[in-house]
Every structure is written in structure tokens, then in C-alpha cells.
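Please look through the structure shown here at your own pace before reading on. The paragraphs after it go from the chain as a whole to its separate parts.

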Amino acid sequence: MALFDDDELEEFYRRVELSTAAASSRPRRRRRPVTTAAIVCPTPEKIAYPDYAAVTGAILAITRASRTRPSLRCYECRCGYWHLTSGVPRPE
């Protein structure tokens, strides 16, 4: 038992092809260019690590090389990089 006859199926495919062609022929909206305004780091004297993995690797290397266990932690700066700091976390 066929749900569609050949004519109905052909009409269905024709409508799908027309809607697909119409969708691809429409001009696409261009994205706004990303503004890369330089965000100034509030602590430029600190080493800037590009991601969390890099800064945690630095923490591990420092703690392995040190005789005393320094209390180090990391934070993501508003400049987009990660920095090391010592001591207890400050309340935000």
C-alpha cells in the first residue's frame, strides 16, 4: 500500500527543491566585524598565560622546584589572560 502516488511524490520533491533553492539564493547577512579593542591589563607586570592549562602547568612547575610549598592560585584577568597570584583568594 503506497502512501503517495508518483505525481504527489514528484510534487513534494519539486516544492522541497524550490524552497531549498530560494533559501540559498537569498543574500546572507554579513556579520559585524569583530572589534578588537585592546583591553589593557591592570597587572602588566605579571606573566600572562594564554589558558588555564598553561597557568596550572606553571603552578605545578613552581611547586615542584620549590623547597617550601608556596600558596599559589590563578585567576582569569579582564584582559583575557591568566595570571598567578599568591595567598588566599580575595572576596569579590
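What follows begins with the overall layout and then turns to the strands, the salt bridges and the surface patches.

The model is predicted, and this should be kept in mind throughout the reading. The chain has 92 residues, of which 15% are buried. Its secondary structure comes to 2 helices and 2 strands, and when the chain is followed from the N terminus, these elements come in the order α-α-β-β. A residue is called buried here when its relative accessible area is under 20% and exposed when that area is over 50%, with partly exposed used for what lies in between.

The two strands can be taken together. Strand β1 covers residues 72–76 and runs antiparallel to β2, to which 5 bridges join it. One of the pairings is that of L72, whose bridge partner in β2 is S86. Between β1 and β2 there are 5 residues, and the two strands form a hairpin; within the turn, G80 has a positive phi of about 100°. How much of strand β2 is covered? Strand β2, which spans residues 82–86, is mostly covered, since 4 of its 5 residues are buried. As a general point, the side chains of a regular strand alternate between the two faces of the sheet.

Helix α1, which spans residues 6–25, is where the salt bridges described next are found. The count of salt bridges comes to 3, and it is useful to go through them one by one. In one of them, E10 is joined to R14, with the closest N and O atoms 2.9 Å apart. Both E10 and R14 lie in helix α1, and their separation of 4 residues is about one turn of the helix. R14 also meets E11 through its side chain, in a salt bridge with an N to O distance of 2.9 Å; here the two residues, again both in helix α1, are 3 residues apart, which is likewise given as about one turn. E11 in turn forms a salt bridge with R15, for which the closest N and O atoms are 3.8 Å apart, and R15 and E11 lie 4 residues apart in helix α1, about one turn of the helix. Through shared partners, these salt bridges join E10, E11, R14 and R15 into one network.

Are the members of this network that have a stated accessibility buried or exposed, or do they lie in between? E10 counts as partly exposed because its relative accessibility is 46%. The value for R14 is 37%, so R14 also counts as partly exposed, and E11, with a relative accessible area of 35%, is partly exposed as well.

The surface carries patches of two kinds. D5, D6, D7 and E8 gather there in a patch of negative charge. Among them, E8 has its place in helix α1 and counts as partly exposed, because its relative accessibility is 42%. The other patch is nonpolar and is formed by L3, F4, L9, F12, Y13 and V16, which together have about 640 Å² of accessible area. One of its members, L3, is found in the segment before α1, and L3 is classed as exposed because its relative accessible area is 75%.

Technical notes:
Residues numbered from 1 in each chain as written. Predicted model: local features only at pLDDT ≥ 70, side-chain atom pairs only at ≥ 80, totals over all residues. Heavy atoms only, no water. Patch = residues over 30% accessible without salt bridge, like charges linked within 9 Å, V, L, I, M, F, W, Y side chains within 5 Å. Areas by Shrake-Rupley, 256 points an atom, 1.4 Å probe, with all protein chains shown as cover. Salt bridge = Lys/Arg side-chain N within 4 Å of Asp/Glu carboxyl O. Buried < 20%, exposed > 50% of the residue type's maximum accessible area, 1.4 Å probe, protein only. Lys, Arg positive; Asp, Glu negative; His and termini not counted. Charge placed at Lys NZ, Arg CZ, Asp CG, Glu CD. Pairing = 2+ DSSP bridges.
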